[in-house]
Amino acid sequence: MKTPCALAVLGACLLSVLGMLSGCVNAPLSVPVVSERAIAFVDVNVVPMDSERVLTEQTVIVRNGLIAALGPTASITVPPDAERIDGRGRFLMPGLADFQIHLHSDEQLLSYLAHGVTTVFDLNGSPRQLDLRTQLAEYRRFGPRLYTSSPMMDGGQGRGDAVSVTTAEQARIAVVRQKLAGYDALKVYHTVSPGVYEVLTGMARQQKLPVVGHVPRTVGAEAVLRARQALVAPGSEFFATALRDEPAMAALARATKEAGTSVVPGLVQIHAQLRMLEDVEGVFADPEARYLSPEVLRNWSYSNPTRRIDVAAFGARERALYPAMRAFTLALQKEGARLVVGTDASDAGLFPGRSVHRELAELVEAGLSPYEALSAATRNAGAFIQQHVDPAARFGTVAVGQYADLLLLPGNPLEDVGRAAQALGVMSRGLWLPGEQLQRMRDKSAKSLQGR
């Protein structure tokens, strides 16, 4: 954790607030200045997300990137030099998390913050993500808090960007290398053999490196749960070979809870596939597309589901999978398994940041309460990181000592999760960004992208 003095030095060295982009889309974003003054949200309604409740007429004081004080406005003394933010009639909640992203280009960092996503987990890491994680943590880059898995561990016939592990010895070496490199988790993919998967997970436990990712086709869900894989993302991986009936889903949900395995439902991924099958031109015409780099849009043009050879069969499977995954998501929630929001942004049709709000709506449509849906994007995400990655991490709730990653909303999100998409401003690492400022920054980013 940075000390107050260290933060002050960093803040003094940061660049001006709106000097956003150079000519190259992958060039570093200039970082808004971190104020050395305290910031006080005065007379605000706090949605702490530690339980389903609202604390009315509160004052929250932020200093050096942490929540320094929280309590009834009448009992909290605001420092004389603090920046005061009027919270009357407004609601303050934790920033959101997306635990399955693919950071294909760096301008997406701004999109996450603009949509209130203050923490992301890239599930196909590389040395580039490790370097970016350091730059963000040291305030040399502007964007959300970043965690990153290793590159994918896959079998000999796996993807070209994966690490091939076909023997026990390769698996042991691969795990140690990922740990020494500094990745936050070990990612497994489709074609890892059962024996190699067993070595990977066993070695990862020794190295205190959580295993995340897919359910390898050759391994199966039961073996993944026996190995207590930390995270399955997306949840549809449980149905890779066949859909399950309701009793089987309930049994699988109980086994997932007992294994301590967290799940990314990924309903928005299925929604995006079906939307592109129905209206791919409409997706590319979406106003949000202007904030994507030309390279990402070109990738979408050939990686979307309309380009599949088996497009009709794929569409039929996704339409059948959609209600099944909704039912399984509700079963997981009822059994007490930990759900964590992840969206596969920025794969085809999944707009960085905005896809989190679509997933929140999907979770409510599946039968979760607004509080349960929001928990998957806040407190559950923070609890996962604290349990598996960094015991010192403090995010996902609003409380003294927590990271100052916050959203200021015009209404109560526990009544309507859609209100989480209406942020009047976002606080990231203690830096306050009014909505108007974020929009100006995005407009400048879009103009730069369009000029390429």
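**Figure 1. The largest nonpolar core.** In this predicted model, the largest nonpolar core takes in 82 residues. The members that touch the most others in it are Leu 200, Phe 238, Phe 328 and Leu 360. Helix α10 gives this core its largest share, seven residues. There is also a second, separate core, made of 18 residues, with Ala 233, Val 264, Val 340 and Ala 381 among them. As background, nonpolar side chains tend to be buried together in soluble globular proteins.

**Figure 2. Close-up on Phe 328 and what surrounds it.** Phe 328 is one of the residues that touch the most other members of the largest core. Which residues does Phe 328 meet, leaving aside its neighbours within four places in sequence? Two of them are phenylalanines, Phe 238 and Phe 239. The others are Gly 235, Met 249, Leu 252 and Ala 253. Phe 238, in turn, is listed with Phe 328 among the core members that touch the most others.

**Figure 3. The largest pocket and its lining.** Here we turn to open space in the model. The largest pocket has a volume of about 1,000 Å³. It is lined by 39 residues, and those closest to its centre are Tyr 189, His 214, Gln 273, Asp 344 and Asp 347. Sorted by class, the lining is quite a mix: 13 nonpolar, 14 polar and 12 charged residues. Strand β8 (145-154) and helices α8 (267-284) and α10 (311-335) each put at least two residues into the lining. Of these, α10 supplies the largest share, five residues. So α10 turns up twice in this set of views, as the source of the largest share of the pocket lining and of the largest share of the core in Figure 1.

**Figure 4. The second largest cavity.** The structure has two cavities of 30 Å³ or more, and this view shows the second largest, with a volume of about 40 Å³. Its lining includes Pro 94, Gly 95, Thr 118 and Thr 119. From further along the chain come Phe 395, Gly 396, Thr 397, Tyr 403 and Asp 405. By class, that makes three nonpolar, five polar and one charged.

**Figure 5. A buried arginine, Arg 442, and its partner Glu 288.** Arg 442 sits in helix α14 (residues 435-450). Is this arginine buried or exposed? Its relative accessible area is 5%, so Arg 442 counts as buried. Look for the polar contact between the side chains of Arg 442 and Glu 288, at 2.7 Å. Besides Glu 288, Arg 442 touches Leu 110, Ser 111, Ala 114, His 115 and Tyr 291, not counting residues up to four places away in sequence.

**Figure 6. Ser 111, seen from the other side of the Arg 442 contact.** Ser 111 belongs to helix α2 (residues 108-114). With a relative accessible area of 4%, Ser 111 is buried. Apart from neighbours within four places in sequence, Ser 111 is in contact with Arg 442, Tyr 291, Pro 352 and Gly 353. Tyr 291 is also on the list of residues that Arg 442 touches.

**Figure 7. Met 203 in helix α5.** Met 203 is part of helix α5 (residues 194-206). Its relative accessibility is 14%, and because the cut-off for buried is under 20%, Met 203 counts as buried. Setting aside neighbours within four places in sequence, Met 203 is in contact with Arg 172, Val 175 and Val 176. For a sense of scale, Gln 129 lies 74 residues from Met 203 in sequence, and the two are 23 Å apart in space, C-alpha to C-alpha.

Key
Residues are numbered from 1 along each chain as its sequence is written. This is a predicted model: local features need pLDDT of at least 70, side-chain atom pairs count only at pLDDT 80 or more; totals for chains, interfaces and linings use all residues. Side-chain values use heavy atoms; hydrogens and water are left out. On a 1 Å grid over the protein atoms alone, a cavity is a set of points where a 1.4 Å probe fits but cannot get out, and a pocket is an open set with protein on both sides within 12 Å along at least five of seven lines; lining residues have an atom within 4 Å of a point. Grid points are joined across faces, edges and corners, and a volume is the space filled by probe spheres set on the points. Helices (H or I, at least four residues) and strands (E, at least two) are DSSP runs, numbered from the N terminus. Ala, Val, Leu, Ile, Met, Phe, Trp, Tyr, Cys and Pro count as nonpolar, Asp, Glu, Lys and Arg as charged, and the others, Gly among them, as polar. Buried means under 20% relative accessible area, exposed over 50%, partly exposed in between (1.4 Å probe, protein chains only). A polar contact is a pair of N or O atoms within 3.5 Å; within protein, one must be able to donate a hydrogen and the other to accept it, and residues adjacent in sequence count only if both atoms are side-chain atoms. Contact means heavy atoms within 4.5 Å. A nonpolar core is a set of buried Ala, Val, Leu, Ile, Met, Phe, Trp, Tyr and Cys residues joined through side-chain atoms within 4.5 Å.
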